[in-house]
Amino acid sequence: MALGLAAAMSFGPRALAQAPATPHSIVLHAARLLDIEGGRMLAPGEVLVEGEKIVAAGSSVAHPSGADTIDLGDTTLMPGLIDAHVHLFLHPGAEDLQTVTESVPQRVIIATLAAKADLLAGFTAERDMGTEGAGSADSAVRDAIDKGLIPGPRLRVSGNAISVLGGHEDALHYNPDQHVLSNATYANTGDELVAVIRQQIKEGADFIKIYETGRDFVKDGQFHSIFQYSEPQLAQAVAEAERLQTRIAVHCEGEPGALYAAQAGVASIDHADQLSDETMRLMRERQIYAVPTFTIQEYFAAHASSPEGAAQEHQFLDYHVQQFHRQLEHGVPMAVGSDVGPFPHGTQARELELMVEYGMKPVDVLKADLLNGARLLDWEHEIGVLKPGYNADIVAVPGNPLEDIRVLEHVSFVMKAGVVYRR
């Protein structure tokens with residue numbers, strides 16, 4: 001009898017573990033469904049979700065017995081949006097003072113609120129492009145989201161960005177005796193870049209962000225951008241990142257820094273105000289993405305502290321738009337990133353609107369966001385498309401985004417990994 005009890009205690013739980021519960025089924029129904037790979041709209045649209053995954057998607061799907069059906073009415077079902085350039089640890093206001101007056105614990109709390117705002121706005125995946133002085137705290141936010149402790153998008157994080165002494169994001173305009181810390185991590189040589197990359201990966205970074213350019217200015221009617229690393233230094237960093245099976249994104253406004261970055265083989269050139277013909281050729285050939293970040297330029301122009309500052313910001317924005325036209329003509333691959341943080345989180349659908357306003361068709365902007373964004377975040381075949389086997393990251397918007405991209409500002413339904421966060 002004791003032996004029988006022992007056997008029951010031993011084998012009962014194991015038997016249960018071998019027979020997991022069947023994932024719950026949900027059918028989403030709407031007036032339309034975006035087939036982003038085909039660049040077309042299906043009507044009506046349905047998606048069958050089981051657990052965290054999409055089982056079927058199209059004009060109609062099977063309705064399993066016991067499945068919950070959510071009728072979203074006159075909306076369009078589409079993959080969750082992707083923002084390839086965010087700053088969860090920033091909020092509107094003086095960026096440099098945030099890192100001085102706000103503690104890292106305070107900034108982590110702010111980051112969790114920002115992550116929730118972005119998710120509820122329909123952004124189910126993001127690339128956090130630097131904590132601006134909060135070190136590897138973004139890894140903790142990512143991990144908490146992954147464990148279901150807090151709501152937020154899927155995240156790829158970089159920790160602190162890397163820059164040179166006296167370069168971009170350094171504390172340049174303070175009393176030197178106060179020893180105000182840089183918002184980035186210093187690396188002045190190729191060897192130092194390698195050392196910092198290893199440290200950041202150790203601390204949980206998914207990818208590496210490097211500031212390739214610093215000060216930007218217009219002189220004699222010409223745009224100028226100060227580069228920070230040579231091509232050999234960037235190549236050394238890219239090689240180390242590849243050894244660690246990750247990639248590098250660069251903050252880069254213009255030449256010759258952009259050419260050095262493209263020659264080295266980075267994954268993306270973010271901001272990309274100015275790209276030479278050779279840089280554009282290399283980016284097209286190697287599928288290096290430009291991430292324009294127009295929204296932050298528009299915001300800075302509208303919120304400048306003086307008329308002179310506003311005029312300068314408008315000048316930079318106008319120049320970038322002209323260069324963007326050239327980049328489109330040269331076939332530069334695009335991804336979508338807003339640089340949200342200095343402007344309010346959850347409002348970055350504006351980026352897709354501006355890319356349409358400045359020359360792209362809505363379908364091409366959506367492909368840049370969903371297909372190229374998934375590739376850039378190393379989640380190709382997992383997100384960005386509504387098809388079997390992909391993660392159930394799904395949003396619904398009123399109207400037809402292929403006809404009016406502005407409907408993305410009004411996301412009415414958000415699901416991530418099969419969990420409904422907004423309805």
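Start by selecting helix α5 (residues 190–202) in this predicted model, and colour its buried residues, which are G190, L193, V194, V196, I197 and Q200. If you then display what covers these buried residues, you will find that the cover includes β11 (162–163), β12 (185–186), β13, α6 (231–243) and β16. A distance drawn between the end C-alpha atoms of α5 comes to 19 Å, which agrees with the 18 Å that its 13 residues should span at 1.5 Å a residue. Before leaving the helix, step just past α5 to G204, where the backbone takes a positive phi of about 115°.

From the cover of α5, move on to strand β16 (residues 248–252), which is one of the elements that you have just displayed. How many of the five residues of this strand are buried? Five of the five are, so β16 is largely enclosed by the rest of the structure. In a regular strand the side chains alternate between the two faces of the sheet. Here I248, V250 and C252 lie on one side, A249 and H251 lie on the other, and with all of them buried both faces of β16 are covered.

Now add the neighbouring strands of β16 to the selection. Strand β13 (residues 208–211) runs parallel to β16 and is joined to it by four bridges, and in this pairing K209 is the residue that stands opposite A249. Strand β17 (residues 268–271) is likewise parallel to β16, with four bridges between the two, and here the residue facing C252 is H271. Including helix α7 (residues 257–264) in the view completes a β-α-β unit, made of β16, α7 and β17, whose hand is right-handed.

The next stop is a set of aromatic rings, for which the count comes to seven aromatic pairs. Select F223 and Y319, whose ring centres are 5.0 Å apart and whose planes meet at 15°, so that the pair is stacked. This pair links distant parts of the chain, since F223 belongs to strand β15 (residues 222–227) and Y319 to helix α10 (residues 307–329), 96 residues apart. Both F223 and Y319 are buried, and adding F316 to the selection shows the one aromatic cluster that F223, F316 and Y319 form.

Staying with strand β15, select F227 together with Y260, an edge-to-face pair with 5.2 Å from centre to centre and 85° between the planes. Because F227 lies in β15 and Y260 in helix α7, the pair ties together parts that are 33 residues apart in sequence. Are these two rings buried or partly exposed? F227 is partly exposed, with a relative accessible area of 36%, and Y260 is also partly exposed, with a value of 22%.

Two arginines that sit over rings make a short detour. R127 lies over the face of F207, at 5.5 Å from the ring centre, while R156 lies over the face of W379, at 3.9 Å from the ring centre.

Finish at helix α11 (residues 350–357), where E351, L352, E353, L354 and M355 are buried. The elements that cover these buried residues include β9 (123–128), α9 (294–302), α10 and α12 (362–376), and α10 is the helix that you met earlier as the home of Y319. Just after α11, select G359, which takes a positive phi of about 135°.

Conventions:
Residues are numbered from 1 along each chain as its sequence is written. This is a predicted model: local features need pLDDT of at least 70, side-chain atom pairs count only at pLDDT 80 or more; totals for chains, interfaces and linings use all residues. Side-chain values use heavy atoms; hydrogens and water are left out. Buried means under 20% relative accessible area, exposed over 50%, partly exposed in between (1.4 Å probe, protein chains only). Two strands pair if DSSP finds at least two bridges between them. A crossover is right-handed if, with the strands pointing away from the viewer, the path from the first strand over the helix to the second runs clockwise. The expected span of a helix is 1.5 Å times one less than its number of residues. Contact means heavy atoms within 4.5 Å. Rings of Phe, Tyr and Trp (its six-membered ring) pair if their centres lie within 6.5 Å; planes under 30 degrees apart count as stacked, over 60 as edge-to-face and the rest as tilted. A charge sits over a ring if NZ of Lys or CZ of Arg is within 6 Å of the ring centre and within 35 degrees of the ring normal.
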